[in-house]
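Here's a quick walk through a two-chain complex, with an eye on strand pairing and the chain-chain contact. Have a look at the model first, then read on.

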Amino acid sequence: MGQIITIGFASGALLGLLAIGIVLVYKASRVLNFAQAEIGNFATYIAWFLIIDFGLPWAVGGFLALAAAGAIGFVFERFIVRPMLNGPKLAIAVATLGLMSLLGFIESEWEPRFIRPPISGRGPEIFGIFVSPTRLLAFFSAIALGAALYWFVKRTTFGLGLLASAHDPVAVRLMGIRMKHLSLFTWVTASLLGGLAGLLALSATGNFGAFSMTFSFLVPALAAALLGGMTSLPGAFAGGMLIGVLQTALSFNFGSIPGVEQLGAFAVLIAVLVLRPQGLFGKVA
Amino acid sequence: MREIVAALKEKFAITRRRVIGTSIILAIIILSPILGRVAPVAFDDAKFGLAAHAVIYVIAGLALNLLMGYAGQVSLGHAAFIGVGAFTTGYMTWWLGLAFIYALITSAVFGALLAFLVGLPALRIRGLYLAVATLAFGVIMKDVVFQLEFLTGGQGGTTVRRPLLEELGLDFILNADYFVFCFVILLGVWLFDWFITSSKVGRGFLAIREDEDVAASFGVDVARYKLLAFVLSGAIAGIAGSLFGSLSFITQHEQFTFSFSLSFLIMVVVGGLGSRPGVATAAAFFAVFSRLFPGLEEYVGIIGAALLIFTMARHPTGLAQAFLEAREAKKAKAARAGELEEDDLPNVLPSLPAITVSRNGAAPDAPGPVLKAEKISVSFGGLVALDGAGIEVPRGKIVGLIGPNGAGKTTMFNVVSGFIKPNSGTVTFKGEDVTRLAPHQRAGRGMGRTFQLIGLGKNLTVRENFLLAQHTLTTYGIPSALLRLPRVGALEAVLEDRSREAISALGFERFTDTPVRNLSHGQQRLVELGCSLVTSPDLLLLDEPSGGMAPAAAESLAERLIDVRDKLGRTVLLIEHHIPLVLAVCDEIYVLNFGQILSHGTTESITRNPEVVAAYFGETVA
C-alpha cells in the first residue's frame, strides 16, 4: 500500500502538472488543449539532441528544452489562437489537435530515443521501495510549481483576472487586464508545464518515441482536470495524484493485462463525465 | 420515387448534359476491369489496387465527415473502427469461412455497436469529450484488443479473404473487380449520406454543430442526435475497414495507429468539414499521395498537420467551404453593385409570416393560462438567481417581463424553456406539468423561443434555418429519413414551400441562400423572429427582440408584435429593455428584481405604481 502511494504520488504529480496546464488554458479561453502532453514529448526530443548530440550538461539542455516548449506555446498562441479567440471554440480545439499531430509527426521522423535521468543514483528508500531521484525531483518540483501558481492566481490582480476571465471578460478588462495577455500567459505557462512534465516523466522511464506523452499521459491528465471540475487548480493537481495512485495500484495488481493503466484512466474519465460532470472538487458553473 | 428525382434535379441542377457525362464516367469505372483484362500492361492490377485504396479512404473520410463535419463532434479513434471492420472480416472470412458479404454487414453492425457503447457516456456532456474518449478507445483497441491472439491472430495478424458469394462465382481475385465492388459501395454510402443531409436528421446534426442550445430550442433531441451521428459514422467506418482489410489480404494491429486516426481527421478538416466532394477529394488525394510524390511520403503527416492548423486558423469551415464562399461572395458582389443600401434595415418592418399549422399533442385550447410558472427558485453555487418567483401567461396576451440587469429575467426564460432545471417550483404548459421535460420536448409541445445572441445557425443559410425551425413539424421518423421513404420527400417539399412563403413574407427572398452570419444584426433578428413563428407556437418567448434594431425599426416592431397577437392569435412572453416597446404592446407586466416578483399588473397599473416608476422607468415616462 505504502509503495503504491509513493509511486502513485510521484507519477501523479506529473499528471497534476499537465492537468494544471489543461485547466489554465481552459479557464482563459474555454478550449481543451489536446497538444498539452505532446509539447512535453517534443521538448524531451530537443533536450535529447542538446544533451546527447551537443554534449550539453543536463541542466542547460533541460532549461533550453523548456524554453523551446514555452516558445511553442508563445508562437501558437500569438499566431494561431489569438486571431481565433472570438471565433468558435471548436476551431481552436481542432487547431490544438493539429499542433499535437504536427509535433508528433515531426517526432516520427526521428528514431525513438533513450534519455538518462537528470540525477543518477538509486535514491532514498520510502515505504520499502527505492524512489529514484528523478521521481523525487518530479514530485517536489510539481508541488512547488503548483503552489507557486496557486499563489500567483489567488494573490495577484492578474491571477484574479484569470479566474474571472471565463465568467466576465468585461469586468476583467475593466480591471486593466487585457484578454490577450491572459491568453498568452496561459498558453506559455501551460506549455512550460507540459515541457517540464515531459522531461521529468520521459527521463524517468528512459524510452520515448513519437506521441509517447500523448498516449500515456493525455487521457489521465484530462481525467485529472475533469476531477477538478476543469476549473480548480488544486483540484486538478489532487485529481492527478488520485489517478496516479489508481494507475499504480492497477499496474501492481493487474500488470499482466496490457493497457490496464489506460483503461483505469479512461474508466475514471467516463465515470466523472457520467456521475459528476462538475468534478469532485468543482462547483456547478 | 418521382419526388426524389425531382429533388435531385433541383438540388444538383441536373441537366441532360450532366446526366450523360456522369453516366459515361460511371460506365467507364464500372466497366474498367475489362480494360485490365484487355490491356494488362497499361492497366496493371496494382493500379486498380491503388484506386480501390483511394475509394476506401473516401468511404472512411465520409464516415468521419458525418460525425465531425455535420454534427461537430471530434473522434480521435476512427482507426479503431476501421480496424474492427478489418478484423471482423478476417475472422469471418478466414476462420469461419463465411462469404465476404456477411462479414461486410457484420463489420457495419460492430462499428455501430462500439460507437454506441463509447458514445453513450461520452456524448451526454457537451464539449469535446468524445475526442478524449475516442483517443483512449483507439489506443486501447490497438494495444490490447487488436493483439488478442484468439480474435485477431495476435502480432502476426490475420488473413482476410474477399470472395463475395462463391456460389454465384463472384470472387474478387483481381483488384480490378474488387475496385469496382468498392466503388459501388462508395456510391451506396454517398447516396445514404445524401439521404441524411437532405432530411431533418442532417439539419439536426448541423444545428448541433452550430449551437446545441439553438438546436434544442428548435426541438432537436441533441443527445440522441449526437449519438446517432457517431453510430452511423462507426457503421460506415466499419464498412470501410472491412474493405480495407480485404484489400491487402492480411491485417495487423500495427495498421490502426493513432496517426492513422489523425490522418482521417486531417482529411476531413482540410477537405472542408461537411463538404462531401471536398472530403472525398482530400481523402483520395491523401491515399495516392505517396505514389504521386514518392520523395515526400514520409512528410505527408507533417504537411497534413500544418495544413490542418492553417485551415482552422484561416478558414475554420474548411478549405472547400472557403472556395465555395469565395465564389458566392463574388456572385453576391456582382449582384449588389449599384444597390449599396441593400444591407440597411428597412425603416418599417415587413410583415411576419402568418402561418398556421396543426400540431399533435396536447389540445391547443386547454382551459387556463398557456404558461404557469410557480414558486421557481434557482441558485448557482451560492448565488440566488430566482427566489420563489412565479408568472402566468394567459392565452392570446402579450406579457412583459422587465427588471434591471441581473434580476433573473433570462434565468426565468431558461427555466420556462427547459435549459435550466429549477431547484424547486413547477412549470405548467397548456395544463401539463413540463418541469422535468428537456428543452426539445417543450419545443415539440409548441414552445418557441428566441435568444439574446440570436438563436440561429449562423453558418447556415436563411432557407436552411427556416427548414431547421420546422423540425418539430417534421413528423417522419429517423428510420424513414435514413431509408428515404417516399413520405420524406413529400414532407420535405411541404417544408420547402412553407419556408419560401415565410421568407417572402419577411421580404428576404434575395437572402434565401445567404449564410445568416453575413446578415446585419437587425436582419438576423427578423429571420430569428420569422423562424420562431413558422411553426405557429402556442407560446412565443422573445428575449429582447428589439436588441440590435434601428430605432425606427424597433418602433414598428411594436406593430408587428401586436399583429402576432391579434392577427395570428399567438401568446407571447417578452423580455425587453426598450420600455416604450413594452408599454406599447404588453397586456400585463411582471417586474422582477433580485429574483422575486416585485410587482405584477396590467400595463396601466404598473406605470402608475410609483415604486416601479421610480426604480425602473425614471420620472419622465409618459
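Helices (H or I, at least four residues) and strands (E, at least two) are DSSP runs, numbered from the N terminus. On that count chain B has 25 helices and 14 strands.

Some bookkeeping: residues are numbered from 1 along each chain as its sequence is written, while chains are lettered from A and ligands numbered from 1 in the order in which they are written. This is a predicted model, so local features need pLDDT of at least 70, side-chain atom pairs count only at pLDDT 80 or more, and totals for chains, interfaces and linings use all residues.

**How far to trust it**

pLDDT is the predictor's confidence in each residue, from 0 to 100. For chain B the mean pLDDT is 83, with 88% of its residues at 70 or more. Within chain B, helix α11 (residues 222-247) has the highest confidence at 94, and helix α1 (residues 2-11) the lowest, at a mean of 64. Over residues 337-347 of chain B pLDDT stays under 50, and there the model has 10 contacts beyond four places in sequence; two residues are in contact if their C-beta atoms, placed from the backbone, lie within 7 Å. For the complex, the predictor gives an ipTM of 0.84 and a pTM of 0.87.

**Chain B overall**

A residue counts as buried if 20 or more other C-beta atoms lie within 10 Å of its own, exposed if 12 or fewer, and partly exposed in between, with C-beta atoms placed from the backbone. By that rule, 51% of the 622 residues in chain B are buried. If you take contacts in chain B between residues at least 6 apart in sequence, 76% of them join residues at least 24 apart.

**The parallel pairings**

Two strands pair if DSSP finds at least two bridges between them. Here are the parallel pairs in chain B, each with one example of residues that face each other.

| Strand pair (chain B) | Bridges | Example partners |
|---|---|---|
| β10 (residues 447-449) and β11 (residues 539-543) | three bridges | Met447(B) and Leu539(B) |
| β11 and β12 (residues 571-575) | five bridges | Leu541(B) and Leu573(B) |
| β7 (residues 398-402) and β12 | four bridges | Leu401(B) and Ile575(B) |
| β7 and β13 (residues 588-593) | four bridges | Gly400(B) and Ile589(B) |

In a regular strand the side chains alternate between the two faces of the sheet. How many of the residues of β11(B) are buried? Five of its five: Leu539(B), Leu541(B) and Asp543(B) sit on one side, Leu540(B) and Leu542(B) on the other, and both faces are covered. β7(B) also has five of its five residues buried. There, Ile398(B), Gly400(B) and Ile402(B) point one way, and Val399(B) and Leu401(B) the other way.

**The antiparallel sheet**

Chain B also has an open sheet of four strands in the order β6-β5-β8-β9, with antiparallel pairing. Its edge strands are β6 and β9 (432-433), each of which pairs on one side only. Strand β5 (residues 371-380) pairs with β6 (residues 383-393) of chain B over eight bridges, where Leu371(B) is partnered by Val393(B) and Phe380(B) stands opposite Leu383(B). Five bridges join β5(B) to β8 (residues 424-429) of chain B, and in β8(B) the bridge partner of Leu371(B) is Phe429(B).

Helix α16 (residues 409-417) of chain B lies across β5, β6 and β8, running at about 120 degrees to β5(B). Axes are lines fitted to C-alpha atoms, for helices over the stretch in contact, and angles run from 0 to 180 degrees between N-to-C directions.

**Where the chains meet**

The contact takes 33 residues from chain B and 37 residues from chain A. On chain B's side, the elements giving two or more residues are α5 (100-122), α6 (129-143), α12 (258-272) and α14 (300-314). That side divides into 27 nonpolar, three polar and three charged residues. Ala, Val, Leu, Ile, Met, Phe, Trp, Tyr, Cys and Pro count as nonpolar, Asp, Glu, Lys and Arg as charged, and the others, Gly among them, as polar.

Helix α11 (residues 260-275) of chain A has buried residues including Phe266(A), Leu269(A) and Leu273(A). The buried residues of α11(A) pack against α9 (212-227) and α10 (233-254) of chain A, together with α5 and α6 of chain B. The expected span of a helix is 1.5 Å times one less than its number of residues, so the 16 residues of α11(A) should span 22 Å, and its end C-alpha atoms are indeed 22 Å apart.
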